[in-house]
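Grab your favourite viewer and work through these exercises on helix packing, sheets and voids. Each one has a task and then a solution in steps.

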Amino acid sequence: MKARSARTFDPAGVVFGVLGPLVVAALVLVLAYLWQGRLPDQVATHFSGTEPDDLADPLSNAWTLAIVIVLVGGGCSAVASLARVLLIMRRTMLVIGLTVVGMIGVLQIATLTRELDLSSGQSVTVPGWAIAMGTVIGFAAGLFGASRLRDHRERVVATSAPHADLPRCNPELPLVVRVGASRVAGITVVVVSLAGAALTCYLTSSPWPIFLFVPLTILILSLLRFTVHIDSDGLYVSSLGMAAFDYDIDEITGASVRTVDPGKDFGGWGLRAKGRGNYAVATEAGPAAFVTFANGDRLTIGSAQADSIAGTLNTLTARTRSATVD
């Protein structure tokens, strides 16, 4: 077998997942020091509803929030820098981490701005718009950063064609199959999210919480709906237009069809991992394409078109091996 070398760190992941949170944390600290002379001796650090219920020294509060940004937001997003971790996991953690970083960072800066030249932080109110803006900015930054991540895992080229007993078909390329939650299920998720947003807005007497639910809804839907794309180059499974799995045709050793129960076989629905290198897009019970790769990975794709997926992959893989031998 021939292996292509793998990176340990993804450069884009380091920039967005590690340096990004550090820059925001540093900005929070720098502003606190620059504005120290214009801030009250005690600034608001916690709110009950819209009114502050706890105060602290501006600099100690800034350091506390900077640490939270680095440990919580940065702790999540830093996973994106680890090139050998599953790509979709890195992308998901980056989006979650930067959303947290954006929300905390913008909220802190907006709150400090409101407290400039005040005699006491007790009179400041929480800027709800800042929570919304920070969430949107962080989520957008996370999506952009996620789109820049690449799969740097080791790629091993298989040396033999799929076994003759495995299914074959006359493929019409590209084969595009959408798997995952039905349209009804997707609409249900959106409706439940909107109901939660409406209730939260009512209880807080503010429209801004709805901006917290929008990224959450998009993230949930991205983990429930996938597109399987197969062509002469390989197998590409995507969500939100970004790769969840990306394998070259010459990495595939074979594909078969089996019956899958997501709850029983993988402990749940959606994108699943059961042990090292054993992944599944387990979005429905019934037939599934089971694909194996030269590096030891296994990918199960639940779909009513499992026969077409397996047959197309085996046919393309066999052709590739034949062309290589010739």
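**Exercise 1.** Find out in which sense E10 and E11 pair, and over how many bridges.

*Solution.* Start with the pairing: E10 and strand E11 (residues 278–282) run antiparallel, joined over four bridges. Strands here are DSSP E runs of at least two residues, helices are H or I runs of at least four, and both are numbered from the N terminus. A pair needs at least two DSSP bridges. Next, look at one position: leucine 271 sits opposite valine 281 in E11. Then zoom out to the open, mixed sheet of five strands, ordered E9-E12-E13-E11-E10. Strand E9 (252–260) and strand E10 (270–273) are at its edges with a single partner strand each, so one side of each has no neighbour in the sheet. On average, neighbouring strands in this sheet are turned by 15° against each other, direction ignored.

A word on the ground rules: this is a predicted model, where local features need pLDDT of at least 70 and side-chain atom pairs count only at pLDDT 80 or more, while totals for chains, interfaces and linings use all residues. Residues are numbered from 1 along each chain as its sequence is written, and side-chain values use heavy atoms, with hydrogens and water left out.

**Exercise 2.** Work out which strands form the edges of the sheet E5-E6-E7-E8.

*Solution.* This open sheet has four strands with antiparallel pairing. Strand E5 (175–180) and E8 pair on one side only, which puts them at the edges. Now step inwards from E5: six bridges join E5 to strand E6 (residues 225–230). One of the facing pairs is leucine 175 with isoleucine 230 in E6.

**Exercise 3.** Describe how H1 packs on H2, using the axes.

*Solution.* Helix H1 (residues 11–34) and helix H2 (residues 58–77) have axes that come within 9 Å and cross at roughly 170°. That makes H1 roughly antiparallel to H2. (Axes are lines fitted to C-alpha atoms, for helices over the stretch in contact, and angles run from 0 to 180 degrees between N-to-C directions; under 35 degrees is roughly parallel, over 145 roughly antiparallel, 65 to 115 roughly perpendicular, and the rest oblique.) Contact means heavy atoms within 4.5 Å; among the residues making this one are Leu22 and Val28 of H1 and Trp63 and Ile69 of H2. By class, the contact of H1 with H2 has 15 nonpolar, three polar and no charged residues. (Nonpolar covers Ala, Val, Leu, Ile, Met, Phe, Trp, Tyr, Cys and Pro; charged covers Asp, Glu, Lys and Arg; the others, Gly among them, are polar.)

**Exercise 4.** Do the same for H4 and H6: at what angle do they pack?

*Solution.* Helix H4 (residues 128–148) and H6 pack at about 25°, with axes 8 Å apart. That makes H4 roughly parallel to H6. The contact includes Phe139 of H4 and Phe211 of H6.

**Exercise 5.** Which element gives the largest share of the lining of the largest cavity?

*Solution.* A cavity is a set of points on a 1 Å grid over the protein atoms alone where a 1.4 Å probe fits but cannot get out, and lining residues have an atom within 4 Å of a point. The largest cavity is lined by residues including Ile88, Arg91 and Met242. H3 contributes the largest share, four residues. The whole lining divides into eight nonpolar, three polar and one charged residues.

Definitions and conventions: On a 1 Å grid over the protein atoms alone, a cavity is a set of points where a 1.4 Å probe fits but cannot get out, and a pocket is an open set with protein on both sides within 12 Å along at least five of seven lines; lining residues have an atom within 4 Å of a point.
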